[in-house]
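Trainee: I would like to work through this structure residue by residue and then turn to the chain as a whole. May we begin?

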Amino acid sequence: MQTQARQLIFHNYAQHLSTHRFAHVVQYIKHHLTEQITVEKLSELACMSKATFFRLFKREFGLTPVEYVIQERLAEAKRLLRNPLTTVADVCFRAGFNNTNYFQSLIKKYEGITPGLYKKRCW
């Protein structure tokens, strides 16, 4: 059920802006990836307390709002790494991360290789 909800809202959020309580939040995240995104801001958008928002988002999608933001930023970073003219540091900041060491550790954690090696494999 979580997987279906996740696919439905994360990929087709625009169609569900008036019918699903988290579609507006997903839209905000996708449009503001390069900005600082806080759970406080997201919970305000959902008109919920921070604790309720966090709990319901996790129950609905199977991951926390913070994990979702990271997932979206990593997807953007992987897309940007395919460009041979970009540097790893440039990709880091353009994808919304503000620390290159943290960015590199996340890519290594989720992809199993460093961003530089990921970039070389995409060419």
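Trainee: Is C47 buried or exposed, and what is its relative accessible area?

Mentor: The model is a predicted one. In it, C47 sits in the loop that joins α3 to α4 (50-61). A residue counts as exposed over 50% relative accessible area. C47 is therefore exposed, its relative accessible area being 71%.

Trainee: What value is phi of C47 near?

Mentor: Most residues other than glycine have a negative phi. C47 departs from that pattern, since its phi is positive although the residue is not glycine. The value of phi for C47 is near 55 degrees.

Trainee: How does C122 count in terms of accessibility?

Mentor: The class between buried and exposed runs from 20% to 50% relative accessible area. C122 has 29% relative accessibility, so C122 counts as partly exposed.

Trainee: To how many disulfides does the count come?

Mentor: A disulfide is a covalent bond between the sulfur atoms of two cysteines. The rule applied here asks for a pair of cysteine sulfur atoms within 2.5 Å. By this rule, the number of disulfides is zero.

Trainee: Where is A95 placed, and is A95 buried or exposed?

Mentor: A95 is found in the loop between α6 (88-94) and α7 (100-111). Buried means under 20% relative accessible area. Because its relative accessible area is 0%, A95 is buried.

Trainee: Which residues does A95 touch, not counting residues up to four places away in sequence?

Mentor: One of these partners is L80, which is 15 residues from A95 along the chain. The C-alpha atoms of A95 and L80 are separated by 7.9 Å. With sequence neighbours up to four places away left out, the residues that A95 touches are L33, R73, E76, A77 and L80.

Trainee: Which residues does L106 touch under that same exclusion of residues up to four places away in sequence?

Mentor: L106 belongs to helix α7, and at 7% relative accessibility it counts as buried. Its C-alpha atom is separated by 8.7 Å from that of I70, a residue 36 positions away along the chain. Leaving out residues up to four places away in sequence, L106 touches I70, L74 and F97.

Trainee: Which element gives the most to the lining of the largest pocket?

Mentor: The largest pocket has a volume of about 250 Å³. Of the 16 residues that line it, I37, V69, R73, G96 and Y102 are the closest to its centre. The elements that give two or more residues to this lining are α3 (39-45) and α5 (65-81). With five residues, the element that gives the most is α5.

Trainee: How many residues of each class are in the lining of the largest pocket?

Mentor: For this grouping, Gly counts among the polar residues and Tyr among the nonpolar ones. By class, the lining of the largest pocket has one charged, five polar and 10 nonpolar residues.

Trainee: What percentage of the residues in the chain is buried?

Mentor: The chain has eight helices and zero strands. Among contacts with a separation of 6 or more, 48% are between residues 24 or more positions apart. The chain exposes about 7300 Å², of which carbon and sulfur atoms supply 51%. Of the 123 residues in the chain, the buried share is 41%.

Notes: Residues are numbered from 1 along each chain as its sequence is written. This is a predicted model: local features need pLDDT of at least 70, side-chain atom pairs count only at pLDDT 80 or more; totals for chains, interfaces and linings use all residues. Side-chain values use heavy atoms; hydrogens and water are left out. On a 1 Å grid over the protein atoms alone, a cavity is a set of points where a 1.4 Å probe fits but cannot get out, and a pocket is an open set with protein on both sides within 12 Å along at least five of seven lines; lining residues have an atom within 4 Å of a point. Grid points are joined across faces, edges and corners, and a volume is the space filled by probe spheres set on the points. Helices (H or I, at least four residues) and strands (E, at least two) are DSSP runs, numbered from the N terminus. Buried means under 20% relative accessible area, exposed over 50%, partly exposed in between (1.4 Å probe, protein chains only). Contact means heavy atoms within 4.5 Å. Accessible areas come from the Shrake-Rupley method with a 1.4 Å probe; for residues, only the protein chains shown count as cover.
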